[in-house]
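Hi,

Here is the structure I said I would pass on. Have a look at it first, and my notes follow underneath.

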Amino acid sequence: MSKKGLTYADAGVNIDEGDRLVDRIKPLVKATRRIGADGSIGGFGGAFDLKAAGFKDPVLISGTDGVGTKLRIAIDTGILNTVGIDLVAMCVNDILANGAEPLFFLDYFATGHLETDKAVAVVEGIAEGCKQSGAALIGGETAEMPGMYEAGDFDLAGFVVGAVERDQMLPRHNDMAAGDPLIGVASSGPHSNGYSLIRKIVEVSGLTWDSPSPFSQGQTLGEALITPTKIYIESILPIIKDGLISGLAHITGGGLTENTPRMLPKTLKADIDMSAWDRPEVFNWLQETGNVADSEMQRAFNCGIGLVLAVKADKMTEVLEKLEAAGEKAWVIGQLADA
């Protein structure tokens with residue numbers, strides 16, 4: 001009696017579904033084309049031409065990140081078309097801290113069972129994030145791994161490569177001194193940090209993702225908390241290229257407390273006035289509902305500040321005006337001091 005020959009599909013991996021996904025995302029990838037990259041996928045690697053992009057003495061800057069447990073809210077609510085923006089944002093905002101212009105992006109999507117419609121929705125967000133940041137989506141990996149994830153679950157990782165002309169690299173410690181102003185640029189909300197604590201606070205609140213948002217009108221709680229991370233490339237990169245910034249901190253995991261010092265020399269510290277800006281209502285609700293201490297808020301969340309810029313006093317007004325013209329809300333939130 002002959003045994004039926006096993007296939008990859010019998011093991012839970014559908015190669016045909018993977019091929020269908022590639023076909024459906026090709027137009028999304030093509031839409032991210034930029035000078036230096038052709039925006040095509042399907043080969044074993046992606047190429048980028050630095051000379052064609054206009055760089056003369058470039059330093060390559062790379063970064064990688066994920067979305068964290070914000071994915072849990074996306075999966076539970078079915079709102080999947082914005083977490084891709086988060087993925088790109090967390091990577092490109094990081095390399096912006098070195099003054100780098102994002103050039104190209106690659107993603108890694110892993111799941112136990114590939115559902116093409118859901119995967120396409122995620123890639124739509126990734127492509128949108130790439131368009132917002134000027135990065136070409138030149139490749140990625142979709143991994144279907146039965147037994148590794150619960151039904152409906154998936155994980156994301158992103159990888160960006162950028163470049164900066166050598167003489168424009170940040171931070172410039174030699175240009176920093178005590179008394180230099182610190183400018184805070186507004187965030188769009190919690191971005192992609194602190195979501196394990198956010199989910200715990202929602203749990204103790206007794207609300208569900210479908211409950212009306214207690215801090216924003218016309219949205220459910222899930223919709224409000226899934227607001228994507230702001231991408232700052234378009235507004236901040238020209239200011240960097242104009243030589244107006246001596247340091248930049250991307251306020252991610254660790255909040256203002258742990259991220260601001262990352263741009264500073266050991267001889268300086270940041271004195272930040274937490275009352276210098278209007279904190280978005282989402283953070284007031286999180287603190288009140290979870291009875292979260294001020295120190296924990298500043299360590300877990302961005303508290304409404306997505307970037308902190310170090311500038312010279314004689315450049316401060318110009319930077320604020322350029323930020324306003326670019327549509328950013330910004331405040332002077334403190335200054336550098338001797339450590």
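Let me begin with a pocket. Strand 1 gives four residues to the lining of the second largest pocket, and that is the largest share. Keep in mind that this is a predicted model.

The volume of that second largest pocket comes out at about 210 Å³. Its lining is made of 16 residues, and the closest to the pocket centre are Asp94, Ala97, Leu248, His250 and Arg262. Strand 1 is not alone in lining the pocket: helix 3 (83-96) and strand 6 (247-250) also supply at least two residues each. If you are wondering about chemistry, the lining splits by class into seven nonpolar, seven polar and two charged residues.

Strand 1 also turns up in a sheet, so to speak the other half of my notes. That sheet is open and has four strands, in the order 1-4-2-3, with mixed pairing. Which strands stand at the edges? They are strand 1 (58-65) and strand 3 (136-144); each has a single partner strand, so one side of each is left without a neighbour in the sheet. On average, neighbouring strands here are turned by 15° against each other, ignoring direction.

For a closer look at one pairing, go to strand 2 (residues 101-111), which pairs with strand 3 in the parallel sense over eight bridges. A handy spot to click on is Leu106, whose bridge partner in strand 3 is Gly139.

Cheers

Technical notes
Residues are numbered from 1 along each chain as its sequence is written. This is a predicted model: local features need pLDDT of at least 70, side-chain atom pairs count only at pLDDT 80 or more; totals for chains, interfaces and linings use all residues. Side-chain values use heavy atoms; hydrogens and water are left out. Two strands pair if DSSP finds at least two bridges between them. Axes are lines fitted to C-alpha atoms, for helices over the stretch in contact, and angles run from 0 to 180 degrees between N-to-C directions. On a 1 Å grid over the protein atoms alone, a cavity is a set of points where a 1.4 Å probe fits but cannot get out, and a pocket is an open set with protein on both sides within 12 Å along at least five of seven lines; lining residues have an atom within 4 Å of a point. Grid points are joined across faces, edges and corners, and a volume is the space filled by probe spheres set on the points. Ala, Val, Leu, Ile, Met, Phe, Trp, Tyr, Cys and Pro count as nonpolar, Asp, Glu, Lys and Arg as charged, and the others, Gly among them, as polar.
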